Amino acid sequence: MKPFKELPKGYPFPDLEQEIIKFWKERGIFKKTLSKESPQGEWVFYEGPPTANNKPHVGHVLTRVVKDLFPRFKTMRGFRVERQAGWDTHGLPVEIEIEKKLGISTKKEIEEFGIEKFNRLCLESVHIYEREWRVMSERVGFWIDMENAYFTYHSRYIESIWWALKELFKRGLLFKDYKIQPYCARCGTTLSSHEVAQNYKETEDPSLWLLFPLLAGQKIETTTGETFPVENNVYLLAWTTTPWTLLAHVGLAVSPEFTYKAVKMDDDKIVIFADKLLNEVPALEYKEGKAVKIDLRDKTPLFFTKGEKLVGLRYKRPFNTVHAPVNESYFNPPPSDDSGWCVFPAEYVSLENGSGIVHTAPPFGDDDFRSGKQFGLPFILTIDEEGRVKNLSGIERFSGLWFKDADKPIVKELRERKLVLFFGSYLHSYPFCWRCEQPLIYLASENWFIKTSSKKEDLIEKNKQINWIPQHIKEGRFGRWLENIVDWAISRKRYWGTPIPVWSCQKCGTVEVIGSFKELFEKSGQPIPSDPYDNNQFDPHRPMVDRFKWRCSCGGTFERIPEVLDAWFDSGAMPFAHLHYPFENRDKFTKRFPADFISEAVDQTRGWFYTLHALAVTLFNSPAYKNCVVLGHVNDEKGRKMSKRLGNVVDPMEVIKETGADALRWYFYLNNPTLPSRFSARLVKDAAQSYLIPLWNSISFFTIYANIDGWEPGGKETIPLEERNTLDKWIVYKLKTLRDRVTDHLESFNLSSAAKEINDFLDDLTNWYIRRSRERFWASVEEGGKEKESAYQTLYYVLSTLAKIIAPFTPFIAEYIYQHLQVDKVEKVESVHLADWPTVRVEMEQSLVEGMDLIKKVCKYARAARQQAKIKIRQPIEKITVITSDSSLDKFITEYSHLIKEEVNVLKVEIAHNKEKFVNIKVKPNFRSLGPKLGKKLRVLQNFLTSIKGEDLIDALEKEGELKVDIEGEEIKFSEKDLEIAIEPKSKTVSLEGDSRVIVLIDTRITPELLEMGVAREIIHFIQQERKRKNLEYTQRIKIKWYTPDGTKIADVIKKFSDWIKKETLAIDIVHSKSAKELKFGTPLGEINISIEQI
RNA sequence: GGGGCUAUAGCUCAGAGGUUAGAGCGCACGCCUGAUAAGCGUGAGGUCGGUAGUUCGAAUCUACCUAGCCCCA
């Protein structure tokens, strides 16, 4: 009777995994984990919604398997861990995908195509890749509820977002302002930074050095304390590569820290620019009627002045473009053509390019815009959305020109007005539109913002409550980000997104924010549909939502602003929006907010991690999550980013097909996933080898012998651990240690340490416990007795407990082992994933663990010594001698000498007490204990200790208990605790191996008796090989025939050891016969022919 | 330009103040095998990125520098 199924041949992990997936599905195990008892309550997990507009790549697998592990672990720990899938469905990437499909690229084309049709295509595309994501998720064992997934485009989801926006508006946190964004005038669209980064090019732009005449009558204080009176010939010098922005010029920036200097030109113009500029300041002077290019930096300075002394000086701007009156300004009177334009301080002024005086046009640059706000400068938008110069009073002559084409006439006119110092060209790297190759402009456009800057303190404060893994994100990447927080621009002038529920009166500008569908219908006087969440009755997306209008008290009409919402807002709103809070699920939200655990890759620091945090703090004054595991990016084998362009993308499904999902999971856990990693199929295979293979082999070993002996779990009474073999106790202690350490590591989200512990345990299990316990399993039931039963009980317990410990990591093999060992029947729990996290209740005997470690070390050195002496393990040796640095270790050697004898193939193990014969004793200070006490004197003591004989010192210590040494006039006492005793071999010979605690000496003499034993063992070895070659059953009995052509020596060996040979090879007979020809081999005692026959 | 991470054996990575720096893979040599050649052991292989400092003592702490990666501008 075979209690256990035979294991499939080889290592068929991918196939097994498919079976397990089927098993889980059929039994509905995942659902059962949610409905089983959860004494610890809820453990809240949020799934960060992936954008399903691409095939999942390896990095996604990483996040999925990390997100899977902790919920599985917590479920076993007695929590209920709901896992609802979610999909991020809105946003520009989806739109671009559709644009490509339609072969269009501009907003105009989308509008011609029809927003309604366009958005329907976007909606449909959302589901194209969902299937691949489902397949991948299921295949890697990511348990998540896909049936009830939330989608950010769902009406309910959108309504919750509307509620949130209205809340923010009520609290004064939603407002409209300008923002400078890269803009393509041809396509009529702003570009995301990602798009901008794609298309930087070397390009030649105008380089204009322009003079700004100071108003006469002002005074400049020089660095020598004198006062320089300004007359009509003094100019500030500024540099620009975009002459067209001069039409919007409103100020000049200087650095208050820099020193500026004034030089006099040949034509008596006095020009002021920064001292110590790094690049030349070109100018033309006329020598004998010929223009000569000079560098103004070389001119003798007229005077020097500090930048701060220039601040507030008034000058004439180049073009008198009309502008709105300035009410509040830093300057009094505010800058104007009458009172003059002002010099202001700015920290972004540099010495690298230009003159150290920066021309400022607020609509066309981020620095410009901020300075404009700070100093109350006029904001003159001189370019329309199509990139043409507007028809404004003062610059009518340029109106209608494409902005780039305005450069020439502008420069021409300034030249005529003698304001150009120099005009040339400048080669630099500049962004272009990736669609139409036109140069981008940085342009101010209206945006809606969340005033996150006003919540900075709260955001920082709540961040302190988050446990970040790795820790440095908290103060580093995320903390720094919060400290430099700017207002969050949430509006996008696009189509496929959550419409921003802001309606404004076209006449008086009054703004209303709508917080629910009901409110919208009421406001607009429309009847509420029977089901407002049915998209056939009401779709909150564009263009339907744009049709809602109503009258303002001023007589104007409220119309929705055209913008949709930043998709990051969608995902950040997930904690409440996926529950349709506050319209539904108020209780559930309270229970499920904040999350206990989220995890995504590091790029989400400024993405989802931030938007979750920002919305949670601004709306609920709470962090959104308590623990956040931040994962590194998965790169290729060489550490390069995987990209289609480089052709180095590894398809995760291919790897899974080859090595299985458990192998892939194990690879990710083992290599600290919070660091960027290098990935390849080969590395996954390596990781699997240290884990899956030994695990499988252990199961295989157990299965073979349990089946031979008909051993069943629970068949006999449990033998108390105290009565079991030392090895049994040892492995159970190791198991307890493993269980406790893995628990601790997982509780603190430390994946790789936990995985390493498991790998180490497997090494202990296979290469020591099983290896040294084999004889007990081989023994027949009668002679094995209690020892054998004890071995079975122990190994079964260890393997079934291990199955539970590895369940969160590699759920497939864990389930397989659990089912294979029939733990489900024994414990009456259907699946390992429904089992409780194991506890190993034993009293640890620490000394046993230490002793066993020592024995393993002795064996290691003995093997090394044998190898040095070139004596095979098969050849028995007479004795080994173990020398220890600490006689308290001796008892372990005596107690476990049988293990050493078996492992090392030695007849006797001796302990040497006459150490001096073989080793020198060295005494070193215990730096840890003496260091703080002695300080610099430690060196002196160290020298002293090396100068004297170790043996004498130890003798003295044993007698006195404490020693006193006079060091530099001070008496120093120290006891044994303060010393480390090390031993080293007197002479390094081939038969000596060891370290500072234990040294092993082997007896290399091979007596004729030993040699005979060795030959007998060799014969056994060859017969075993032959059994294996013939694929004999492990229990198959055989008959051995042998024949030797030369002499009687081998005949003697066989005669002498025939019982042993028979026993070891399961032979019932061993006979001399000339017909033995199958196998021929040489031994140290001559050649022998052997053949075996099944009986 | 700002911020963050990383730098340890040929490769992938541990080690987080204690004096002989580790593991796995690869390589060389060898061994065992009635679970296992997708196994086991031994060996070679390191100025712990560089410089300076703190300390009795630094791979480990500090500063600066260099290189790679990531985020932001």
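Which helix holds Ile-817? In this predicted model, Ile-817 turns up in helix 28, the run from residue 811 to residue 820. With a relative accessibility of just 2%, Ile-817 counts as buried. Gln-793 is 24 residues away from Ile-817 along the chain, and the C-alpha atoms of the two are separated by 16 Å.

Helix 28 is a handy way into the aromatic side of the structure. Phe-812 has company from a charge: the charged end of Arg-139 sits over its ring, 6.0 Å from the centre. A second case of this kind involves Arg-417, which lies over the face of Phe-319 at 5.4 Å from the ring centre.

Ring-to-ring pairs are plentiful, with 74 aromatic pairs found in a search of the whole structure. Take Trp-87 and Trp-133: their ring centres are 6.0 Å apart and their planes meet at 85 degrees, so this pair is edge-to-face. Planes over 60 degrees apart are what earns that label. Trp-87 belongs to strand 3 (residues 84-87) and Trp-133 to helix 7 (residues 130-139), so the pair ties together parts that lie 46 residues apart in sequence. Trp-87 is buried, at 2% relative accessible area, and Trp-133 is buried too, with a value of 2%. Phe-702 and Trp-711 make another edge-to-face pair, with 6.0 Å from centre to centre and 85 degrees between the planes. Both of these residues are buried as well. Elsewhere, ring pairs join up into a cluster made of Trp-162, Trp-503, Phe-517, Phe-521, Tyr-533, Phe-538, Phe-548, Trp-550 and Phe-558.

Next comes the RNA. There are 52 residues around RNA strand B, and those that come nearest are Arg-477, Arg-678, Tyr-705, Arg-874 and Phe-927. Looking from the RNA side, sugar and phosphate make up 56% of the strand B atoms that come within 4 Å of the protein. The residues of the protein surface near strand B split into 15 nonpolar, 17 polar and 20 charged. Helix 24 (residues 692-709) gives the most to this surface, with six residues.

Individual polar contacts reach several parts of the RNA. Arg-874 puts a polar side-chain atom 2.4 Å from a phosphate oxygen of RNA strand B. For Ser-700, a polar side-chain atom lies 3.0 Å from a sugar or linking oxygen of RNA strand B. Asn-697 uses its backbone instead, with a polar atom there 3.2 Å from a base nitrogen of RNA strand B.

Helix 35 (residues 950-960) shows a neat split between inside and outside. Its buried residues are Gly-950, Glu-951, Leu-953, Ile-954 and Leu-957. Viewed down the axis of helix 35, these fall within an arc of 165 degrees, so they line one face of the helix. Lys-959 and Glu-960, on the other side of helix 35, are exposed. Right after the helix, Gly-961 takes a positive phi of about 85 degrees.

Some backbone details also deserve a look. Most residues other than glycine have a negative phi, and most peptide bonds are trans. The peptide bond from Arg-542 to Pro-543, though, is cis, with omega near 0 degrees. Pro-543 is placed in the loop between helix 16 (517-524) and strand 27 (550-551). Another cis bond runs from Tyr-581 to Pro-582, again with omega near 0 degrees. Here the proline, Pro-582, lies in the loop between helix 18 (574-577) and helix 19 (586-591).

Positive phi values also appear outside glycine. Asn-621 has a phi near 50 degrees and is found in the loop between helix 20 (608-620) and strand 31 (625-631). At 45% relative accessibility, Asn-621 counts as partly exposed. Lys-828, also not a glycine, has a positive phi of about 60 degrees. Lys-828 has its place in the loop between helix 29 (823-827) and helix 30 (846-869). With 71% relative accessibility, Lys-828 counts as exposed.

Key:
Residues numbered from 1 in each chain as written. Chains lettered and ligands numbered in written order. Predicted model: local features only at pLDDT ≥ 70, side-chain atom pairs only at ≥ 80, totals over all residues. Heavy atoms only, no water. Phe/Tyr/Trp six-rings, centres within 6.5 Å; stacked < 30°, edge-to-face > 60°. Helix = DSSP H or I, 4+ residues; strand = E, 2+ residues; numbered from the N terminus. Buried < 20%, exposed > 50% of the residue type's maximum accessible area, 1.4 Å probe, protein only. Lys NZ or Arg CZ within 6 Å of the ring centre and 35° of its normal. Near = heavy atom within 4 Å. Polar contact = N/O pair within 3.5 Å; in protein donor to acceptor, adjacent residues only side chain to side chain. Nonpolar A, V, L, I, M, F, W, Y, C, P; charged D, E, K, R; others polar. Arc of directions from axis to C-beta.
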